[in-house]
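User: Hey, got a minute to walk me through this one? I'd like the definitions up front.
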Amino acid sequence: MARKNNYSSEANYILKPHLLFSLLSDFNMYMGDSLRSIEEGRVSVAFATSRKPIHDTFFYLCWLLSSGDDLLNKIQYSNKAKDYDISEFKRGKSDFIITTLSNAIDEVICPWNGKELYELLYTKDKSDLASVWNKSLHIITNDKNHTTNPKNLNFVFANNDIWNNLWGYYYSVFLHIYHIAMRVAIKIFQDIFKISENYRVINQVILDIKYLEIIGIEDDDIKSAYKYILEHTEFYCDKCASIYNNQFLLEEILTKNLFACQHCGHMERVGNYIIDDPEIEKIINNRRIII
Ligand SMILES: [Zn+2]
């Protein structure tokens, strides 16, 4: 109806944030379970529950960023879900997937280019990840690239060496993909809410510092540049409005995942998106921290 009345851009304006937060909610529900499973050593379950968010939902976040109106129009006006089905694109439109991934990760620190990311996530013959996903979801697989050997059942008789290798593989791959997905989602969020360049930089610096630390990159020049930016930025507590001591704050950002107000003890996550807009803050802070 909106398109008939020529209101499709207004419809997309409303639908875009709705789709972003819905996709994120779906992504986090599955990945939350996957991360809990890997933490507890249930390796095949961790891979099985990661397939939908990483293989499917992540692509739609990339599509929403790189060509949002196209995705929103297809969801609203297509007569067939096939028109926007990732499985259909894999069968004959790999160029579209590669372009979408490439455009979305353009501004993100990413160990792969768009084509490599496509091969990792979507090709059966070149990807170890596709093989693990397949085997974690099926007890016997007949796909020529991941055929179950005779006298075996997928992962049923796996020994500790196999589990330990897969455990390490999970973290080596998903750490990067999770980071990319987060950056893609943040970019969409920033564009929707027209976040100013200063806040984009501050939040990117904090995210990059944590990412570089986790992947073990020791680059003193980058770190001191980041530290300089944070030391010269004024942060205040959302609860009591006191100005934070930057040295304490910096130390906590660098070494922890939570930071506390020196005055009232109010606790915040380092991963919180930092912003000074009461309306957006209300959205961001409308949740509890459970320690
Ligand atoms: Zn405070």
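Analyst: Sure, burial first: a residue is buried if 20 or more other C-beta atoms lie within 10 Å of its own, exposed if 12 or fewer, and partly exposed in between, with C-beta atoms placed from the backbone. This is a predicted model, where local features need pLDDT of at least 70 and side-chain atom pairs count only at pLDDT 80 or more, while totals for chains, interfaces and linings use all residues. Numbering starts from 1 along each chain as its sequence is written.

User: How much of the chain is buried?
Analyst: 24% of its 291 residues.

User: What about helix 9, how many of its residues are buried?
Analyst: One of the twelve, so helix 9 lies largely in the open. Helices here are DSSP runs (H or I, at least four residues), strands are E runs of at least two, and both are numbered from the N terminus. Helix 9 covers residues 220–231.

User: And the secondary structure overall?
Analyst: Eleven helices and two strands. The order from the N terminus is α-α-α-α-α-α-α-α-α-α-β-β-α.

User: Switching topic, which domains is the chain divided into?
Analyst: Domain 1 is 1–192 and domain 2 is 198–291, with bounds from an automatic or database domain assignment. Their C-alpha centres lie 29 Å apart.

User: How many residues are in contact there?
Analyst: Four of domain 1 with five of domain 2; contact means C-beta atoms, placed from the backbone, within 7 Å.

User: Last one, what are the overall dimensions?
Analyst: The C-alpha trace spans about 65 × 60 × 35 Å along its principal axes.

How values were computed. Two residues are in contact if their C-beta atoms, placed from the backbone, lie within 7 Å. The expected span of a helix is 1.5 Å times one less than its number of residues.
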